[in-house]
Amino acid sequence: MQDSIVEVRATETLLEGLTAWRNVKNGFRVLDIEYRVDPHKRTDEWLAQARAGMPAAEWEREYGKTWRVYDGKPVYGRDFSEAAHIVTGNILAPRKFKLISGWDGGPNDVNLAWVLGLVDTPHGAVTWIDEYYVDDGDIYGFVQIVGQRLNLEWFKLGGFSLHVADQSVFTLSGVAGDQRTGGKAMADIMRLHGMSPIAGEISLAKRRSTVEKLMREGFTASREGHLVPRWRTHERCPLLIEAMQGGYAYPKVNMGVGGEYKPIPMKNKFSHIANAME
């Protein structure tokens, strides 16, 4: 079987907001028209006014070029910036930095999530550097794998982490089919692996306001030499990044009629990884 060869042609910019290219298979000329083709829509004032009050997902559907558009109203969509909040490359950790783990796993939920943060205690900042998520309800196996990651992958950072968990972690597991839990809570299994959980903040509003504050505030990082947000995530946490981009969202009320949304985010893989982070 021969490999298929696709000829790639560079796009041609005809004017601002209007690009063109030719489909090499059928010869069709393709035009990509953006809102910026209208001179009146190229100003920052127009952009701010047009986006005001419009959920990020609806903006991308109407005007954007992002093909992955989530349903609902993003919880952190307005504050999250890929350029500002995503860290790439090597992870640098001075000795004064600390590790903190966030856990989420309800007693009757098969979705389990964990995130690992590197805390810059002098500046009150955090960078999320690892994550793990399963949807099979295997609490024992989940905790075991996280413990191995801390002891092996993050050994150079001390391997020791504070463990902050959702309140549901302390409730006896009711997930059917997992004989190893033996009626224990996820917190009990964590303790068996040398990880003692601390109950996190109950109020969703307080948790989200804290995250939003960290995302908006900045400090001058000595190693980077410029202002950075107090909340960031590393590129090795793709699920958390996707949650912050809009996967973690408030569902529409009555199919979105009237532009109203429910006060509690949708339950999915994004909400679980976000709850662990919060």
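**Entry 1: the nonpolar patch**

I began with strand 1 (12-15) and strand 3 (29-33), and I noted that each of them supplies at least two residues of a nonpolar patch on the surface. I was working with a predicted model, and I kept that in mind throughout. The patch covers about 410 Å², and I listed Leu14, Leu15, Leu31, Ile33 and Val37 as the residues that make it.

I then picked out Ile33, which is found in strand 3. Is Ile33 buried or exposed? I looked up its relative accessibility, which is 57%, and because exposed means over 50%, Ile33 counts as exposed. I wrote beside this that, in soluble globular proteins, nonpolar side chains tend to be buried together.

**Entry 2: the nonpolar cores**

Next I turned to the interior, where the largest nonpolar core has 25 residues, and I found that Tyr76, Trp231, Leu240, Met244 and Met277 touch the most other members. I asked which elements give two or more residues to this core. They are strand 7 (112-120), strand 8 (125-134), helix 6 (204-216), helix 7 (238-247) and helix 8 (269-277).

I followed Met277 by itself and, leaving aside residues up to four places away in sequence, I saw that Met277 touches Tyr76, Val115, Trp128, Val211, Trp231, Leu240 and Met244. Apart from the largest core lies another one, of 23 residues, and I noted Phe97, Leu116, Val143 and Met195 among them.

**Entry 3: the sheet**

I traced an open sheet of seven strands, and I recorded its order as 5-13-8-7-6-9-10, with mixed pairing. Which strands are at the edges? They are strand 5 (86-87) and strand 10 (197-199), each of which pairs on one side only.

I looked more carefully at strand 5, which two bridges join to strand 13 (residues 231-234), and I noted that these two strands run parallel. In this pairing, Ile86 stands opposite Thr233 in strand 13. As a reminder to myself, I added that strands of a sheet pair through backbone hydrogen bonds, either parallel or antiparallel.

**Entry 4: the whole chain**

Last, I stepped back to the protein chain, in which I counted eight helices and 14 strands. Of its 278 residues, buried ones make up 42%. The chain exposes about 16,200 Å², and I noted that carbon and sulfur atoms supply 52% of this area. Among contacts with a separation of 6 or more, I found that residues 24 or more positions apart account for 57%.

Methods. Residues are numbered from 1 along each chain as its sequence is written. This is a predicted model: local features need pLDDT of at least 70, side-chain atom pairs count only at pLDDT 80 or more; totals for chains, interfaces and linings use all residues. Side-chain values use heavy atoms; hydrogens and water are left out. A nonpolar core is a set of buried Ala, Val, Leu, Ile, Met, Phe, Trp, Tyr and Cys residues joined through side-chain atoms within 4.5 Å. Buried means under 20% relative accessible area, exposed over 50%, partly exposed in between (1.4 Å probe, protein chains only). Helices (H or I, at least four residues) and strands (E, at least two) are DSSP runs, numbered from the N terminus. Contact means heavy atoms within 4.5 Å. Two strands pair if DSSP finds at least two bridges between them. Patches are made of residues with over 30% relative accessible area and no salt bridge: like charges are joined within 9 Å, nonpolar side chains (Val, Leu, Ile, Met, Phe, Trp, Tyr) within 5 Å. Accessible areas come from the Shrake-Rupley method with a 1.4 Å probe; for residues, only the protein chains shown count as cover. A salt bridge is a side-chain nitrogen of Lys or Arg within 4 Å of a carboxyl oxygen of Asp or Glu.
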